[in-house]
Amino acid sequence: MEVRIGSVDDVRREGCRIVEVHGRPVGVISVGDEFFAVHDRCPHMGASMCTGSLSGTFLPAEPHELVYGRDDRVIRCPWHGWEFDLETGRSLLEPERVGLRTYRVTQEGDEVVLHA
Ligand code: FES
């Protein structure tokens, strides 16, 4: 199933556009030249992930070293701060147990298309 999301320019301008896929809200998120899509309900208490924020995270490093990376590849829930990998949907804290469903998104000409 393909869902036409809208024009590349419009989705980029909005940053995140919520669409319905199989009756469920999905947030299509623009990051630089790329697009990602995740289920738009946080698995904790249901906040809209689209109203959250994007950031990076601290990467595994040697003791006493702080290495920041994955900039704009982490989406943070606006209510209580749970964080998820934008590409895989997995929780940063409990990746085996908690996550957001992700969807493939492509750019076709001037249109953003979600594949469900
Ligand atoms: S609703 Fe998302 S962290 Fe609580």
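In which strand is the place of Ser 30? The answer is strand S3, and I shall come back to that strand shortly. Good morning. The structure before you is a predicted model, and I will describe the whole chain, then two regions of it.

Let me begin with the overall composition. The chain contains 1 helix and 9 strands. Read from the N terminus, the order is β-α-β-β-β-β-β-β-β-β. In other words, a strand comes at the start, the helix follows, and the remaining elements are strands.

Next, the dimensions. Along the principal axes, the C-alpha atoms occupy a box of roughly 45 × 30 × 20 Å. For 116 residues, a compact globule would be expected to have a radius of gyration near 13 Å, and the value of 15 Å for this chain agrees with that.

How much of the chain is buried? Of its 116 residues, 42% count as buried. The exposed surface comes to about 6800 Å², and 48% of that area is supplied by carbon and sulfur atoms. As for contacts, consider the pairs whose residues are at least 6 apart in sequence: 42% of these contacts join residues at least 24 apart.

A word on charge. There are 13 positive and 20 negative side chains in the chain. The centres of these two sets are 6 Å apart.

I now turn to the first region, strands S2 and S3. Strand S2 covers residues 16-21 and strand S3 covers residues 24-31. The two pair in the antiparallel sense, over 6 bridges. One example to look for on the screen is Glu 20, whose bridge partner in S3 is Pro 25.

Between these strands lies a hairpin connection of 2 residues. His 22 is found in this loop between S2 and S3. Its phi is positive, at about 50°, although His 22 is not a glycine. Why is that worth pointing out? Most residues other than glycine have a negative phi. Is His 22 buried or exposed? Its relative accessibility is 55%, and a residue counts as exposed when this value is over 50%, so His 22 counts as exposed.

Within strand S3 itself, I would like you to examine two residues. The first is Gly 27, which has its place in S3. With a relative accessibility of 0%, Gly 27 counts as buried. Setting aside residues up to four places away in sequence, Gly 27 touches Cys 16, Arg 17, Ile 18, Phe 36, Ala 37, Val 38, Asp 40 and Cys 50. Asp 40 deserves a closer look: Gly 27 and Asp 40 are 13 residues apart in sequence, yet their C-alpha atoms are 5.2 Å apart in space.

The second is Ser 30, from my opening question, also placed in strand S3. Its relative accessible area is 14%, and therefore Ser 30 is buried. Leaving aside neighbours within four places in sequence, Ser 30 is in contact with Val 11, Arg 12, Gly 15 and Phe 35.

The second region concerns strands S5, S6 and S7. Strand S5 spans residues 53-58, and 5 bridges join S5 to S6 in an antiparallel arrangement. Among the residues involved, Thr 57 has Gly 69 as its bridge partner in S6.

Strand S6 covers residues 68-76, and Tyr 68 is found in it. Tyr 68 is partly exposed, because its relative accessible area is 44%. Which residues does Tyr 68 touch, when those up to four places away in sequence are not counted? They are Ser 55, Gly 56, Thr 57, Phe 58 and Leu 59. The C-alpha atoms of Tyr 68 and Gly 56 are separated by 6.9 Å, with the two residues 12 apart along the chain.

Arg 70 also lies in strand S6. Here we meet another positive phi in a residue other than glycine, with a value near 55°. Arg 70 has a relative accessibility of 33%, so it counts as partly exposed.

On S6 we also find the pairing with strand S7, residues 83-85: 3 bridges join S6 to S7, and the strands run antiparallel. Val 74 has Asp 85 as its bridge partner in S7. The hairpin of S6 and S7 has 6 residues between the strands, and there Gly 81 takes a positive phi near 85°.

To close, I suggest tracing two hairpins on the model: that of S2 and S3, with 2 residues between the strands, and that of S6 and S7, with 6. Thank you for your attention.

Note on methods: Residues numbered from 1 in each chain as written. Predicted model: local features only at pLDDT ≥ 70, side-chain atom pairs only at ≥ 80, totals over all residues. Heavy atoms only, no water. Helix = DSSP H or I, 4+ residues; strand = E, 2+ residues; numbered from the N terminus. Rg over C-alpha atoms; globule rule 2.2 N^0.38 Å. Buried < 20%, exposed > 50% of the residue type's maximum accessible area, 1.4 Å probe, protein only. Contact = heavy atoms within 4.5 Å. Areas by Shrake-Rupley, 256 points an atom, 1.4 Å probe, with all protein chains shown as cover. Lys, Arg positive; Asp, Glu negative; His and termini not counted. Charge placed at Lys NZ, Arg CZ, Asp CG, Glu CD. Pairing = 2+ DSSP bridges.
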